[in-house]
Amino acid sequence: MNKKVFANFIMRKIIHNVKFHSSPDFGKTSVIGIAKAGEIFTIVDFVKRDGTDMYRLKSGVYITASKRYVVDFWA
């Protein structure tokens with residue numbers, strides 16, 4: 001699988017709006033905003049969870065790792 005890697009970072013593009021979370025859970029209390037379709041983020045960590053996994057962004061917030069919502073970015 002080819003990925004854009006910059007100093008151990010991976011670039012991902014949002015293809016459907018997803019919620020930003022302050023912690024690696026999908027609870028309503030951790031929602032802090034919306035990542036809109038077309039935005040591109042730098043992923044710094046992969047969080048393995050029961051159910052849907054999550055990514056930690058360079059900014060410190062979390063989003064879903066589901067391929068239905070987030071895909072590789074090619075510049």
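Modeller: Let's start with strand S3, which gives the most to the lining of the largest pocket, with three residues. Keep in mind that this is a predicted model.

Biologist: How do you know which residues of S3 those are?

Modeller: Set the two lists side by side. S3 covers residues 18-21, and the lining includes Val18, Lys19 and His21. The other residues that line the pocket are Asn17, Phe26, Thr52, Thr64, Ser66, Arg68 and Tyr69. The pocket's volume is about 150 Å³.

Biologist: How do the lining residues divide into nonpolar, polar and charged?

Modeller: There are three nonpolar, five polar and two charged. Lys and Arg count as charged, so Lys19 and Arg68 are the charged pair. Val, Phe and Tyr are on the nonpolar list, so Val18, Phe26 and Tyr69 go there.

Biologist: Threonine 64 is one of the lining residues. What makes threonine 64 buried or exposed?

Modeller: Its relative accessible area is 8%. The cut-off for buried is under 20%, so threonine 64 is buried. You'll find threonine 64 in strand S7, residues 62-64. Skipping residues up to four places away in sequence, threonine 64 touches Val18, Phe26, Thr52, Asp53, Met54, Tyr55, Tyr69 and Val70. Val18, Phe26, Thr52 and Tyr69 also turn up in the pocket lining.

Biologist: What makes the backbone nitrogen of serine 66 and the side chain of threonine 64 a polar contact?

Modeller: The nitrogen lies 3.1 Å from a polar atom of that side chain. The limit is 3.5 Å, so the distance fits.

Biologist: Threonine 64 touches Asp53. Why does aspartate 53 count as buried?

Modeller: Its relative accessibility is 14%, and buried means under 20%, so aspartate 53 qualifies. Aspartate 53 sits in the loop between S5 and S6. Beyond its neighbours within four places in sequence, aspartate 53 contacts Phe26, Phe46, Val47, Lys48, Thr64 and Ala65. There's a polar partner as well: the backbone nitrogen of arginine 49 is 2.9 Å from a polar atom of the aspartate 53 side chain. With a limit of 3.5 Å, that distance fits a polar contact too, so the same test works here.

Biologist: Now the core. What makes up the largest nonpolar core?

Modeller: Twelve residues: Ile14, Val18, Phe20, Ala35, Phe41, Ile43, Tyr55, Leu57, Val61, Ile63, Ala65 and Val70. S3, strand S5 (40-47) and strand S6 (54-57) each supply at least two of them.

Biologist: Why is alanine 35 called buried?

Modeller: At 0% relative accessibility, alanine 35 is under the 20% cut-off, so the label holds. Alanine 35 belongs to strand S4. Among the residues in contact with alanine 35 are Ile14, Val18, Phe20 and Phe41, and those four are core members too.

Biologist: And why does phenylalanine 20 count as buried?

Modeller: Phenylalanine 20 comes in at 15%, and anything under 20% is buried, so it passes. Phenylalanine 20 lies in S3. Its C-alpha is 6.4 Å from that of alanine 35, though the two are 15 residues apart along the chain. For phenylalanine 20 and valine 61, 41 residues apart along the chain, the C-alpha separation is 6.2 Å. Other contacts of phenylalanine 20 include Leu57, Tyr62 and Ile63.

Biologist: What makes serine 22 partly exposed?

Modeller: Its value is 43%. Partly exposed runs between the 20% and 50% cut-offs, so that's where serine 22 lands. Serine 22 is in the loop between S3 and S4 and contacts Ser30, Ile32 and Tyr62, leaving aside neighbours within four places in sequence. Its C-alpha is also 5.2 Å from that of valine 61, which is 39 residues away in sequence.

Biologist: Why does histidine 16 count as partly exposed?

Modeller: Again 43%, again between 20% and 50%, so histidine 16 gets that label. Histidine 16 lies in the loop between strand S2 (9-14) and S3. Its contacts, outside four places in sequence, are Ala35, Ala37, Arg68 and Tyr69.

Biologist: How about the whole chain: how many helices and strands?

Modeller: Zero helices and eight strands. Of the 75 residues, 33% count as buried. And among contacts between residues at least 6 apart in sequence, 50% join residues at least 24 apart.

Note on methods. Residues numbered from 1 in each chain as written. Predicted model: local features only at pLDDT ≥ 70, side-chain atom pairs only at ≥ 80, totals over all residues. Heavy atoms only, no water. Core = buried A, V, L, I, M, F, W, Y, C linked by side-chain atoms within 4.5 Å. Buried < 20%, exposed > 50% of the residue type's maximum accessible area, 1.4 Å probe, protein only. Helix = DSSP H or I, 4+ residues; strand = E, 2+ residues; numbered from the N terminus. 1 Å grid on protein atoms, 1.4 Å probe; cavity = no way out; pocket = protein on both sides within 12 Å on 5 of 7 lines; lining within 4 Å. Points joined across faces, edges and corners; volume = space filled by probe spheres on them. Polar contact = N/O pair within 3.5 Å; in protein donor to acceptor, adjacent residues only side chain to side chain. Contact = heavy atoms within 4.5 Å.
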